[in-house]
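Me: Please pick one part of this model and give me a close look at it. I'd like the packing around it explained in one connected go.

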Amino acid sequence: RTLNRLINKAKNHLKTDESWKKLCDEYDEDDDIIDFIPTMFGNLDVSAKTDHGIVILNYKLLCDGNFTEDYSYLIHEYTHFFQQCFGEKATKSSDNGNYLENPCEQEGFTNQVEYIADNLGKDKAEEYVEDLLDHHEIDNKNKRDELESVFLKEV
(Lines give C-alpha, C1' and ligand atoms only; values in the text may rest on other atoms or scores of the structure.)
Protein backbone atom coordinates (compact mmCIF):
# COMPACT_ATOMS: atom_id res chain seq x y z
CA ARG A 1 0.00 0.00 0.00
CA THR A 2 2.83 2.39 0.80
CA LEU A 3 4.38 1.94 -2.64
CA ASN A 4 1.02 2.48 -4.33
CA ARG A 5 0.58 5.70 -2.33
CA LEU A 6 3.98 6.91 -3.56
CA ILE A 7 3.07 6.08 -7.15
CA ASN A 8 -0.33 7.77 -6.87
CA LYS A 9 1.25 10.86 -5.30
CA ALA A 10 3.66 11.02 -8.25
CA LYS A 11 0.83 10.58 -10.76
CA ASN A 12 -1.23 13.33 -9.10
CA HIS A 13 1.76 15.66 -9.26
CA LEU A 14 2.41 14.85 -12.90
CA LYS A 15 -1.23 15.51 -13.86
CA THR A 16 -0.58 19.19 -13.23
CA ASP A 17 2.81 19.29 -14.93
CA GLU A 18 3.33 20.96 -18.31
CA SER A 19 5.68 18.20 -19.52
CA TRP A 20 2.97 15.61 -18.88
CA LYS A 21 0.29 17.72 -20.59
CA LYS A 22 2.56 18.22 -23.60
CA LEU A 23 3.20 14.47 -23.81
CA CYS A 24 -0.54 13.75 -23.68
CA ASP A 25 -1.17 16.34 -26.39
CA GLU A 26 1.44 14.71 -28.64
CA TYR A 27 -0.41 11.40 -28.41
CA ASP A 28 -3.88 13.03 -28.42
CA GLU A 29 -4.79 11.53 -25.06
CA ASP A 30 -6.49 12.97 -21.99
CA ASP A 31 -4.26 13.93 -19.01
CA ASP A 32 -6.19 11.55 -16.77
CA ILE A 33 -4.94 8.50 -18.69
CA ILE A 34 -2.09 8.54 -16.16
CA ASP A 35 -4.49 6.91 -13.66
CA PHE A 36 -4.68 3.85 -15.90
CA ILE A 37 -0.98 3.34 -16.64
CA PRO A 38 0.17 0.21 -14.80
CA THR A 39 3.09 1.33 -12.62
CA MET A 40 4.96 -0.70 -10.02
CA PHE A 41 8.29 -1.12 -8.28
CA GLY A 42 10.56 -4.07 -8.98
CA ASN A 43 14.12 -5.37 -8.88
CA LEU A 44 15.85 -4.05 -11.99
CA ASP A 45 19.39 -3.59 -13.30
CA VAL A 46 18.34 -0.13 -14.56
CA SER A 47 16.46 2.77 -12.96
CA ALA A 48 13.19 2.00 -14.74
CA LYS A 49 11.73 0.24 -17.76
CA THR A 50 8.49 -0.18 -19.64
CA ASP A 51 7.59 -3.66 -20.81
CA HIS A 52 4.44 -4.18 -22.87
CA GLY A 53 2.96 -0.97 -21.48
CA ILE A 54 3.77 -1.75 -17.84
CA VAL A 55 6.08 0.72 -16.12
CA ILE A 56 8.49 -0.73 -13.58
CA LEU A 57 10.58 1.48 -11.30
CA ASN A 58 13.66 0.24 -9.50
CA TYR A 59 13.25 -0.04 -5.72
CA LYS A 60 16.64 1.71 -5.47
CA LEU A 61 14.94 4.99 -6.42
CA LEU A 62 13.51 4.98 -2.90
CA CYS A 63 16.86 4.64 -1.11
CA ASP A 64 17.71 8.34 -0.87
CA GLY A 65 14.35 9.14 0.73
CA ASN A 66 13.46 11.71 -1.94
CA PHE A 67 11.37 9.95 -4.55
CA THR A 68 9.92 13.30 -5.72
CA GLU A 69 13.25 14.05 -7.43
CA ASP A 70 12.82 10.83 -9.41
CA TYR A 71 9.48 11.72 -11.02
CA SER A 72 11.41 12.46 -14.19
CA TYR A 73 11.86 8.71 -14.66
CA LEU A 74 8.08 8.43 -14.84
CA ILE A 75 7.93 11.01 -17.63
CA HIS A 76 10.56 9.00 -19.51
CA GLU A 77 8.77 5.68 -18.99
CA TYR A 78 5.32 7.10 -19.66
CA THR A 79 6.73 8.25 -23.00
CA HIS A 80 7.50 4.59 -23.68
CA PHE A 81 3.99 3.65 -22.53
CA PHE A 82 2.55 5.94 -25.19
CA GLN A 83 4.99 4.65 -27.80
CA GLN A 84 4.13 1.04 -27.03
CA CYS A 85 0.39 1.40 -26.58
CA PHE A 86 -0.51 4.21 -29.00
CA GLY A 87 2.33 4.27 -31.50
CA GLU A 88 1.92 3.32 -35.13
CA LYS A 89 4.59 0.61 -35.04
CA ALA A 90 6.42 -1.56 -32.54
CA THR A 91 9.20 0.14 -30.62
CA LYS A 92 12.77 -1.00 -31.00
CA SER A 93 14.06 -2.66 -27.85
CA SER A 94 16.62 -0.65 -25.92
CA ASP A 95 18.73 -3.83 -25.95
CA ASN A 96 19.11 -3.64 -29.74
CA GLY A 97 21.81 -1.32 -31.08
CA ASN A 98 23.16 1.83 -29.47
CA TYR A 99 20.81 2.71 -26.62
CA LEU A 100 21.25 6.49 -26.78
CA GLU A 101 20.78 6.59 -30.55
CA ASN A 102 17.46 4.72 -30.38
CA PRO A 103 14.76 7.28 -31.44
CA CYS A 104 12.34 5.95 -28.81
CA GLU A 105 14.94 6.43 -26.08
CA GLN A 106 15.83 9.87 -27.39
CA GLU A 107 12.18 10.92 -27.14
CA GLY A 108 12.03 9.55 -23.59
CA PHE A 109 15.23 11.31 -22.53
CA THR A 110 14.22 14.58 -24.18
CA ASN A 111 10.91 14.57 -22.27
CA GLN A 112 12.69 13.59 -19.06
CA VAL A 113 15.28 16.35 -19.38
CA GLU A 114 12.58 18.92 -20.14
CA TYR A 115 10.76 17.83 -16.98
CA ILE A 116 13.98 18.16 -14.94
CA ALA A 117 14.64 21.64 -16.33
CA ASP A 118 11.08 22.79 -15.60
CA ASN A 119 10.99 21.36 -12.07
CA LEU A 120 14.57 21.35 -10.80
CA GLY A 121 16.25 23.93 -13.02
CA LYS A 122 18.28 24.10 -16.20
CA ASP A 123 21.54 23.37 -14.36
CA LYS A 124 20.13 20.08 -12.99
CA ALA A 125 18.96 19.12 -16.49
CA GLU A 126 22.39 19.79 -17.96
CA GLU A 127 24.02 17.88 -15.10
CA TYR A 128 21.69 14.92 -15.71
CA VAL A 129 22.65 14.84 -19.41
CA GLU A 130 26.37 15.00 -18.56
CA ASP A 131 25.97 12.13 -16.08
CA LEU A 132 23.96 10.13 -18.62
CA LEU A 133 26.63 10.51 -21.30
CA ASP A 134 29.38 9.66 -18.80
CA HIS A 135 27.46 6.59 -17.62
CA HIS A 136 27.18 5.36 -21.21
CA GLU A 137 30.85 6.20 -21.79
CA ILE A 138 30.26 8.62 -24.66
CA ASP A 139 33.78 10.03 -24.98
CA ASN A 140 33.76 11.25 -28.58
CA LYS A 141 33.28 15.04 -28.45
CA ASN A 142 31.22 15.19 -31.65
CA LYS A 143 28.92 12.39 -30.47
CA ARG A 144 28.56 14.03 -27.04
CA ASP A 145 27.70 17.37 -28.61
CA GLU A 146 25.18 15.72 -30.93
CA LEU A 147 23.45 13.83 -28.11
CA GLU A 148 23.49 16.87 -25.82
CA SER A 149 21.72 18.90 -28.49
CA VAL A 150 19.09 16.15 -28.88
CA PHE A 151 18.43 15.74 -25.15
CA LEU A 152 18.53 19.45 -24.34
CA LYS A 153 16.54 20.67 -27.34
CA GLU A 154 13.43 21.46 -25.23
CA VAL A 155 15.41 23.14 -22.43
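Reply: Helices here are DSSP runs (H or I, at least four residues), as are strands (E, at least two), both numbered from the N terminus. With that settled, let's start at N111, which has its place in helix α4. Quick housekeeping: this is a predicted model, where local features need pLDDT of at least 70, side-chain atom pairs count only at pLDDT 80 or more, and totals for chains, interfaces and linings use all residues. Residues are numbered from 1 along each chain as its sequence is written, and side-chain values use heavy atoms, with hydrogens and water left out.

Is N111 buried or exposed? N111 has a relative accessible area of 8%, so it counts as buried (under 20%; exposed is over 50%, partly exposed lies in between, with a 1.4 Å probe and protein chains only). Setting aside neighbours within four places in sequence, N111 is in contact (heavy atoms within 4.5 Å) with L23, E26, I75 and T79.

Two of those partners, I75 and T79, are part of the α3 side of a helix pair. Among the α3 residues meeting α4 are also Y71, H76 and Q83, and the α4 side includes F109, Q112 and Y115 along with N111. The axes of α3 (residues 71-86) and α4 (residues 103-120) come within 8 Å and cross at roughly 145 degrees. Such axes are lines fitted to C-alpha atoms, for helices over the stretch in contact, with angles from 0 to 180 degrees between N-to-C directions.

Now the sheet. It is open, with three strands in the order β1-β3-β2 and mixed pairing (two strands pair if DSSP finds at least two bridges between them). β1 (39-42) and β2 (48-51) are the edge strands, each with a single partner, so one side of each has no neighbour in the sheet. On average, neighbouring strands are turned by 30 degrees against each other, direction ignored. β1 and β3 (residues 54-58) run parallel, joined by four bridges, and T39 has V55 in β3 as its bridge partner. α3 packs on this sheet as well, touching β1, β2 and β3, and its direction makes about 15 degrees with that of β2.

Over on the other pairing, β2 and β3 are antiparallel across four bridges, with A48 bridged to L57 in β3. The two strands form a hairpin with two residues between them, and H52 in that turn has a positive phi of about 55 degrees. A48 and T50 make up the covered face of β2, while K49 and D51 are on the uncovered one.

L57 turns up again in the largest nonpolar core (buried Ala, Val, Leu, Ile, Met, Phe, Trp, Tyr and Cys residues joined through side-chain atoms within 4.5 Å). That core has 37 residues, and L14, W20, L57, Y78, F82, L100 and F151 touch the most other members. At least two core residues come from each of α1 (2-15), α2 (18-26), β3, α3, α4, α5 (122-135) and α6 (141-151). α3 gives the largest share, seven residues. Leaving out neighbours within four places, F82 is in contact with W20, L23, C24, Y27, E29, I33 and G87, and L23 is also one of the partners of N111.
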